[in-house]
Amino acid sequence: GQTGLDQARPLLYHTLMDWTKLEKLLSFLLRHSPETLNLHMDASGWVETDLLVKAVRSKEPRFDLKALQKIVRDSQKQRFSFSEDGSKIRANQGHSIKVDLELPPVEPPETLYHGTVERFLDSIMQEGLKKGDRQHVHLSLDLETAQKVGQRRGKPLILTINAQKMHRDGYVFYVSDNGVWLTEQVPPQYLDLYFS
Ligand code: HQG
């Protein structure tokens with residue numbers, strides 16, 4: 001029969017895994033490069049759950065479905081979602097791969113925010129917010145989130161986006177499953193510096 005140690009083993013493995021590193025690996029695979037571990041991604045960004053588990057296990061032998069479920073559940077930014085039946089998984093946003101997340105257009109609030117840093121300001125005010133390597137420009141509903149996004153690169157600088165005006169002018173907005181506002185671009189005339 002099972003010894004106490006056998007029962008404790010999965011738990012022990014879980015406490016020893018480097019969760020941050022695993023979440024980064026999942027982000028890398030599901031946003032940028034599934035082919036690195038020979039995974040196939042469909043047009044909507046989905047990857048087969050069991051194949052992903054197997055692939056990650058080739059890097060971290062202790063990884064299993066329970067570990068994947070834990071990361072999806074605990075991810076602070078809720079970066080991933082399972083399909084309804086759990087057979088597939090995808091990143092909620094942040095892709096550089098061309099994927100169609102099939103998000104419906106949503107009417108934005110009056111104002112959205114973007115956290116960046118001063119060294120990008122001149123360029124942003126000249127050419128607007130550009131999506132760069134990603135599929136969309138990422139915008140935040142609240143100041144606090146924008147602060148955090150900017151903080152990743154230094155002293156945060158917040159821009160306000162006149163989102164309602166953009167909407168009226170025909171620009172389309174989406175909200176990812178983890179609450180990030182997305183749009184193709186923000187031309188400079190809709191941008192202002194936010195002063196606290
Ligand atoms: C800047 C994180 C010069 C832009 C966060 C940003 C977010 C320009 C950087 C998500 C520019 C792009 C996205 C222009 C934009 N000239 N610089 N014309 N237009 N920029 O990482 O918004 O951890 O691609 O201000 O929480 O910083 O990945 O975008 O500084 O939700 O889940 O170019 O990434 O989430 O950087 O962050 P990014 P972001 P995750």
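**Close-up views of a predicted model**

**View 1. Asn 38 is found in the loop between helix H2 and strand E1 (47–48).** The structure shown in this and the following views is a predicted model. The phi angle of Asn 38 is near 55 degrees, a positive value in a residue other than glycine. Asn 38 is exposed, because its relative accessible area of 74% lies in the range over 50%.

**View 2. Glu 102 lies in the loop between strand E3 (88–91) and strand E4 (111–117).** Although Glu 102 is not a glycine, it has a positive phi of about 55 degrees. With a relative accessible area of 57%, Glu 102 is exposed.

**View 3. Glu 23 and Arg 79 form a salt bridge.** The closest N and O atoms of Glu 23 and Arg 79 are 2.7 Å apart. The pair links distant parts of the chain, as Glu 23 and Arg 79 are 56 residues apart. Glu 23 belongs to helix H2 (residues 19–32), whereas Arg 79 is in the loop between helix H4 (65–74) and strand E2 (80–82). The relative accessible area of Glu 23 is 14%, and this residue is therefore buried, the limit being under 20%. The model has seven salt bridges by the rule applied here.

**View 4. Asp 169 and Lys 165 form a salt bridge.** In this pair, the closest N and O atoms are 3.0 Å apart. Asp 169 is partly exposed, with a relative accessible area of 40%. Lys 165 is partly exposed, and its relative accessible area is 33%. Elsewhere in the model, Lys 70, Arg 73 and Asp 74 are joined into one network by salt bridges that share partners.

**View 5. Lys 70 and Asp 74 form a salt bridge within helix H4.** The closest N and O atoms of Lys 70 and Asp 74 are 3.2 Å apart. Along helix H4, the two residues are separated by four residues, about one turn of the helix. Lys 70 counts as partly exposed, at 27% relative accessibility. Asp 74 is partly exposed, and its relative accessible area is 42%.

**View 6. An open sheet of three strands has the order E5-E8-E7.** The pairing in this sheet is antiparallel. Strand E5 (137–139) and strand E7 (174–175) are the edge strands, each of which pairs on one side only. Strand E7 is joined by two bridges to strand E8 (residues 181–183), and these strands run antiparallel. Val 175 stands opposite Trp 181, which is in E8.

**View 7. Lys 77, Arg 119, Lys 148, Arg 152 and Arg 153 form a positive surface patch.** One of these residues, Arg 153, is found in the loop between helix H6 (143–151) and strand E6 (156–162). Arg 153 is partly exposed, with a relative accessible area of 41%.

**View 8. Met 125, Leu 193 and Phe 195 make a nonpolar surface patch.** The area of this patch is about 290 Å². Leu 193 is found in strand E9 (residues 191–193). At 31% relative accessibility, Leu 193 counts as partly exposed. Leu 193 can therefore belong to a patch, as its value of 31% meets the requirement of over 30% relative accessible area.

Technical notes: Residues are numbered from 1 along each chain as its sequence is written. This is a predicted model: local features need pLDDT of at least 70, side-chain atom pairs count only at pLDDT 80 or more; totals for chains, interfaces and linings use all residues. Side-chain values use heavy atoms; hydrogens and water are left out. Patches are made of residues with over 30% relative accessible area and no salt bridge: like charges are joined within 9 Å, nonpolar side chains (Val, Leu, Ile, Met, Phe, Trp, Tyr) within 5 Å. Accessible areas come from the Shrake-Rupley method with a 1.4 Å probe; for residues, only the protein chains shown count as cover. A salt bridge is a side-chain nitrogen of Lys or Arg within 4 Å of a carboxyl oxygen of Asp or Glu. Buried means under 20% relative accessible area, exposed over 50%, partly exposed in between (1.4 Å probe, protein chains only). Two strands pair if DSSP finds at least two bridges between them. Lys and Arg count as positive and Asp and Glu as negative; His and the chain ends are not counted. The place of a charge is taken as NZ of Lys, CZ of Arg, CG of Asp or CD of Glu.
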